[in-house]
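User: Hello! I would like to go through this structure with you, one question at a time. Could you take me through your reasoning as we go?

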Amino acid sequence: MGINNANKTISLDQIDCDGTLKVTLALSASPDISSNPTDIVLILDRSGSMSGTPLTNLKTGAKKFVDIIEEATDGVLDGEIGSGSKIGIVSFAETATKNTQLITSVSDLKTAIDSLSAGGSTNHADAFTKAIELFDPTSTNQKVMVMFTDGKTTAGPPPASIAAAARASGIIIYCIGLIGTDGIDVSVLNDWATDPDDSHVAVTPKDDELEDLFENLANNISKAGATDIVIDEIIHSDFIILNVQNPNKGAVNMINATTLQWKIEKLGVTANEGASLEFTIKHVKTSPGVKEVNKSIHYKDKEGNVVTFPSPKVNVTCGIVTYPEECPTPVKVSIEGCQDSLIYDVGDVYLESLGRILQLNINLKNICPGKRIAMAVILNEVDKHGIECQRGIKIMTIPAHNAPTCRDVLVKCIKFVLPEDLDIGCSCSSSPSLCNKRNFKVRVIAHPIDSDFQCCNIVV
């Protein structure tokens, strides 16, 4: 099944201009076998060379295989293989035996495995034949054989043609080889198994590694939902990431103020699993509107699952912004690559910004639509005795806005030029400096210009 669901949600659908909201990324995955039933026949070598610890370790590995398949089918260890899948046991020495049919009872499967005893020669052909007979040719379940052996064929006809017929009928064959006392021909296992060999054949010289081989094979057959997951999230440039909480699966790395990367080693390997990540973002621009939260989000995993996350939007509301003064127009000057110096006439410059510049922003509250505002800004400098000296007055008209309701109007970038020779603190200081602290008082006078009021007998 792979990835079942991928989602991206936000905690609010509307925020103020400098507002914050929480973003949640979530996805869930489950093994493929949970939605695609599979019939599996374990074909287990019990020839004489398996006596002792090899047979003991084989039984442990085979039972671990059954447990993994059971949990992967329905997510619980309840003693039954679920979702329509089944497992059967065939064992072989000089001849093969159907120890069970294709069944779902875990206890019956483990009882059959524990009952095996070693002795006799090795008849692979009869083992393949008995295994094929367990499958129902009318079933739509995927069909899988797992052949385990520790030696070469010493009884019965050559098994290659029987294995080839099984593959031709749609049966997938895996081979596990233990290099036992009789030796083993890996090329023969490659010939029996489904291609590619790398993913369908495993060989070990150590019988204590059999449990790991059976475990890996069970995970391969159940087909984990997703492994080696990497999610790269880039939010829109109108936002920044304030903080990121630790996800319940995997680890997250914040690359910069707008980018994070979430990595999950595995998800939905043995059962349905969910993962989630939550982080907080803040709007940092002054423009309002309905905005997408993310610029891009990319997903990849080892299995090649294709995942698409939704792209939520938030409505950002900002006060009206007015810029009554324009910034100076720059003069463009170019110096050639090999030119050491340049004399350039910049032209006339009006003395607007000598000394320090104080730039003010004023937020006019609850300005109704269609009303121009007359505004004066009075700036005084205050000396250490609290005496105020005039430093300037700005009088301006704030244009009317057309919003449907009364709104705040932010008036930005009101500039006052404050030459250093007017510094009150400097004249009183024993050591005049251009870096003195200077104190000011700002007074704002504002009122609407437009009104529908008419005095009696007066025509406006």
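Analyst: Happy to! Please keep in mind that this is a predicted model. A good place to begin is helix 3, which spans residues 124–134.

User: Which residues of helix 3 are buried?

Analyst: Buried here means under 20% relative accessible area. In helix 3, the residues that meet this cut-off are His124, Ala125, Asp126, Ala127, Phe128, Ala131 and Leu134.

User: At the start of helix 3, which backbone nitrogen does a side-chain oxygen of asparagine 123 reach?

Analyst: Asparagine 123 sits at the start of this helix. Its side-chain oxygen comes to within 3.3 Å of a backbone nitrogen, and that nitrogen belongs to alanine 125.

User: Phenylalanine 65 and phenylalanine 214 form an aromatic pair; what is its geometry?

Analyst: The count of aromatic pairs comes to 3. For phenylalanine 65 and phenylalanine 214, the ring centres are 6.4 Å apart and the planes make an angle of 85 degrees. Planes over 60 degrees apart count as edge-to-face, so the pair of phenylalanine 65 and phenylalanine 214 is edge-to-face.

User: How many residues apart in sequence are the parts that this pair ties together?

Analyst: Phenylalanine 65 belongs to helix 1, while phenylalanine 214 belongs to helix 7. Phenylalanine 65 is buried at 0% relative accessibility, and phenylalanine 214 is likewise buried at 0%. The parts tied together by the pair are separated in sequence by 149 residues.

User: Which helix holds tryptophan 192, the partner of phenylalanine 128?

Analyst: Phenylalanine 128 and tryptophan 192 pair edge-to-face, with 5.5 Å from centre to centre and 85 degrees between the planes. Phenylalanine 128 is buried at 0% relative accessibility, and tryptophan 192 is buried at 3%. The pair links distant parts of the chain, 64 residues apart: phenylalanine 128 lies in helix 3 and tryptophan 192 in helix 5.

User: Which residue joins Phe65 and Phe214 in a cluster of ring pairs?

Analyst: Ring pairs link three phenylalanines into a cluster, with Phe65 and Phe214 among them. The remaining member is Phe148.

User: How many residues does the largest nonpolar core have, and which element gives the most to it?

Analyst: The residues with the most contacts inside this core are Leu42, Leu44, Phe65, Ile87, Val146, Phe148 and Phe214. Elements that give two or more residues include strand 4, strand 5, strand 7, helix 2 and helix 7. The core has 33 residues, and the element giving the most, with 8 residues, is helix 1.

User: What does phenylalanine 148 touch, apart from residues up to four places away in sequence?

Analyst: Contact is taken as heavy atoms within 4.5 Å. With residues up to four places away left out, phenylalanine 148 touches Ile43, Leu44, Asp45, Met50, Leu58, Phe92, Ile176, Leu178, Leu210 and Phe214.

User: How many residues are in the second, separate core?

Analyst: Among the members of this second core are Ala6, Val23, Ile264 and Tyr299. Its residue count is 32.

User: Which strands stand at the edges of the open sheet of 6 strands?

Analyst: The sheet has mixed pairing and the strand order 6-5-4-7-8-9. A strand with a single partner has one side left without a neighbour in the sheet, so the edges are strand 6 and strand 9. Neighbouring strands are turned against each other, direction ignored, by an average of 15 degrees.

User: Which residue of strand 6 does valine 90 stand opposite?

Analyst: Strand 5 and strand 6 run antiparallel and are joined by 3 bridges. Across from valine 90, in strand 6, stands lysine 98.

User: At what angle does helix 2 run to strand 5?

Analyst: Helix 2 lies across both strand 4 and strand 5. Its angle to strand 5 is about 10 degrees.

User: Is asparagine 294 buried or exposed, and which side chains make polar contacts with it?

Analyst: Asparagine 294 is found in strand 16. Its relative accessibility is 6%, so it counts as buried. Its side chain makes a polar contact of 3.1 Å with the side chain of lysine 8, and another of 3.4 Å with that of serine 311.

User: How far apart in space are isoleucine 362 and threonine 181?

Analyst: Isoleucine 362 lies in strand 19 and is buried, with a relative accessible area of 12%. In sequence, isoleucine 362 and threonine 181 are 181 residues apart. From C-alpha to C-alpha, the distance between them is 91 Å.

How values were computed: Residues numbered from 1 in each chain as written. Predicted model: local features only at pLDDT ≥ 70, side-chain atom pairs only at ≥ 80, totals over all residues. Heavy atoms only, no water. Core = buried A, V, L, I, M, F, W, Y, C linked by side-chain atoms within 4.5 Å. Buried < 20%, exposed > 50% of the residue type's maximum accessible area, 1.4 Å probe, protein only. Helix = DSSP H or I, 4+ residues; strand = E, 2+ residues; numbered from the N terminus. Polar contact = N/O pair within 3.5 Å; in protein donor to acceptor, adjacent residues only side chain to side chain. Pairing = 2+ DSSP bridges. Axes fitted to C-alpha atoms, helices over the stretch in contact; angles between N-to-C directions. Phe/Tyr/Trp six-rings, centres within 6.5 Å; stacked < 30°, edge-to-face > 60°.
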